[in-house]
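Q: Please take a close look at one turn in this model. Then work outward from that spot and tell me how the rest is built.

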Amino acid sequence: MTLLSVRGVSKRFGGLQAVNDLSFDVARGSIKALIGPNGAGKTTLFDLISGFLRPDRGEIFFEEAEIHAMSSCQVAVRGMVRTFQHIRLFPKMSVLENIMVGRHVHSNAGFLAGMLNLPFTWGEERRIREKSFEIMESLGIAAHARTEAVSLAYGQQRVVEIGRALACEPKLLLLDEPAAGLNMRETNEMGRLILRIRDTGVTVLLVEHDMSLVMKISDEVVVLSYGQKIAEDRPLAIQKNREVIRVYLGDDQ
Amino acid sequence: MARRYLPVAAFAGLIVAIQLATLFTGTAYHLTQLTMTAYYSLIIVGLCMLIGYAGQISLGHAGFFAIGGYVAAFLTTWNLKPHPGAFVSLLGKSGALVARPDAYGVSLLTVHPWLACAAAILLTVVIAYLVGGPVLKLKGHYLAMATLGFGIIVYRMVLGTEFLGAADGISDVPGFPLLSGMVITGNSSARVSNYYLAWGLVVLGMVLLLNLVHSRVGRALAAVHGAEDAAGAMGIPTARYKLNTFVLSAVFASLAGVLLTHYNGGIGPSEAGVMKSVRYVAIVAIGGMANLWGALSMSLVLNYLSLRGYFGTYDDAVFGVILILIMLFAPDGLLRRHLLSDLKRAVSRNPAEEEAP
């Protein structure tokens, strides 16, 4: 049951081959992690999958449909939503409003309906609000509903960003370094949150530097080095993989 | 809901109060400038939606005003009598033409103002989509320059086009019969009704835009304004939303152009001038950028003062200076939405805290 399939994808920036002939699959309902040293091409790969960049070569399929030529917006509409390494919440908007934006793809009111304040939009707005509160309560951030999102503590901003993504009801959630900047307690909470999200039926693909988190929660790990895949296996096997150890710790070890 | 419409009711009350004040002080002639102010305010609130809420600048909105005004002026003054033909007779049979005598009693056959208005709006929509499509891919200074270029093109075209009256513009534009007994015209006998009609349209425009701001689309626009890539990743078609807002604001400007042209009885190339566009942006800026009420109140005051001639020969300079000062000292605009809470915070802030590193 493959949800996402990356086939022979390459991306070059000038003289730098950021991603080179890379292939892997993400199974429905699983948590997959992308790891690798700095500059291995993880973020580029994320951008390619989520429609922020176009691959030079190769194909990406989401639910058997080609998505490598689509924009980030079209990809989101199909059920693949991402978060950002550097949190990108909407400034000057409350936590509630940020999450409500996540309901965009599941609502319809356009310019005309909005301007005329047509009756069908009232019920729609109410449902958006209810669903947003439901999400905030499940994440434990409902108390901050009216707070400006960017004024929250860093760890809570990450939770809001994930809540905004969950509001889209994605089939695949892409998390770009969800534990970056979090302390150990917050990282553990993040790990539990990701497992909970997976248990609700959402497939998760994450890029992460925190090895203990990756090893604890992932079903499978893909290791990148210089834009190429050097290993793909279960966490325990990855930890014993000689090639991975060499890449991470250097040749002399 | 009440919080949204209460200010609208208060504003409507202000409009009535101003009219009553002119009635009792015997200064009803002020209503003429106030009516013109209303039409300019239509451009301002539309532009405020574009600049403040969608986060896109336009230095070309006088161009859209001129497109509306000139199309209406041309079609309602162009005598079709000397051009009989199948198309003209078809238009005549379908009631799209009106026969009327001009100022010298010569009988004219011209396009009905309703049809001219529809044509003006339609042309504006087409041009706004054609211009906005490529131009809105630009950001910041580049978008400002590109829209400025559009404004200059419109200005040079109306200035250099013979059938649009070149430097003289088009005059003798008839009134716009809106409803029975309700005509948009500068005749002093219809001054009060035109005052209320014009401000009624502004109030209607405000209600539409306030609704939009508080809708799903308004939330999406705020998201696009705040973090465009994140908004895209949430499935918001950012380019289309920016373009739609651009076209919407162009329609507001164009409609203002049509109606003010009928009210003034003509239009000249100065209405398409770049300084007009700068003025509109300056008013939106001083009004607080993302603040429809701020923009409207500043428009009411500044347009009125300008039209009454208080700024004299420094008219354009005043708006240029306003824009410079705003950009230097309050780039978020003067009457911005969080002004009160910001001030409270500044006053209540502990001075010791501020000195801490």
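**The hairpin and its surroundings**

A: Start at B:G105, which takes a positive phi near 85°. This glycine belongs to the hairpin of β1(B) and β2(B), where 5 residues lie between the strands. Keep in mind that the model is predicted.

Now the two strands. β1 of chain B covers residues 97–101, and β2 of chain B covers residues 107–111. They run antiparallel and are joined by 5 bridges. One bridge pairs B:A99 with B:L109 in β2(B). In general, strands of a sheet pair through backbone hydrogen bonds, either parallel or antiparallel.

Stay in chain B for one more spot. B:H30 is found in helix α2 of chain B, which spans residues 30–53. Is B:H30 buried or exposed? Neither fully: B:H30 is partly exposed, because 19 other C-beta atoms lie within 10 Å, and the count for a buried residue is 20 or more. B:I18 sits 12 residues away from B:H30 along the chain, and their C-alpha atoms are separated by 9.7 Å.

Next, the contact between the chains. Chain A puts in 31 residues, and chain B puts in 24. On the chain A side, α2, β6 (80–82), α3 (95–102) and α4 (111–116) each give two or more residues. That side of chain A divides into 16 nonpolar, 10 polar and 5 charged residues.

β6 of chain A leads into a sheet. This open sheet has 6 strands in the order β6-β7-β8-β3-β9-β10 (chain A), and the pairing is mixed. β6 and β10 (228–233) of chain A are the edge strands, each pairing on one side only. From one strand to the next, the twist averages 15°. α7(A) packs on this sheet and touches β3 (31–35), β7 and β8 (203–207) of chain A. The direction of α7(A) makes about 150° with that of β8(A).

Look at the β6 edge again. β6(A) pairs with β7 of chain A (residues 172–176) in the parallel sense, over 3 bridges. Here A:R82 stands opposite A:L174 in β7(A).

Now the domains of chain A. The assignment gives domain 1 as 1–79 + 170–253 and domain 2 as 94–168. Their C-alpha centres lie 27 Å apart. The contact between them takes 9 residues from domain 1 of chain A and 7 from domain 2 of chain A. α2 (72–77) and α7 (184–199) of chain A each supply at least two residues of the domain 1 side. By class, that side has 7 nonpolar, 1 polar and 1 charged residues. Two helices therefore appear twice in this account. α2 of chain A gives residues to the side that touches chain B, and α2 of chain A also supplies the side of domain 1 that touches domain 2. α7(A) packs on the sheet and supplies that side of domain 1 as well.

Last, chain A as a whole. Chain A has 10 helices and 10 strands. The radius of gyration of chain A is 19 Å, close to the 18 Å that the globule rule gives for 253 residues, so chain A is as compact as a globular protein of that length. Along its principal axes, the C-alpha trace of chain A spans about 65 × 40 × 35 Å. Buried residues make up 43% of the 253 residues in chain A. Among contacts in chain A with a separation of 6 or more, 65% join residues 24 or more positions apart.

Conventions
Residues numbered from 1 in each chain as written. Chains lettered and ligands numbered in written order. Predicted model: local features only at pLDDT ≥ 70, side-chain atom pairs only at ≥ 80, totals over all residues. Helix = DSSP H or I, 4+ residues; strand = E, 2+ residues; numbered from the N terminus. Rg over C-alpha atoms; globule rule 2.2 N^0.38 Å. Buried ≥ 20, exposed ≤ 12 C-beta atoms within 10 Å, placed from the backbone. Contact = placed C-beta atoms within 7 Å. Domains from an automatic or database assignment. Nonpolar A, V, L, I, M, F, W, Y, C, P; charged D, E, K, R; others polar. Pairing = 2+ DSSP bridges. Axes fitted to C-alpha atoms, helices over the stretch in contact; angles between N-to-C directions.
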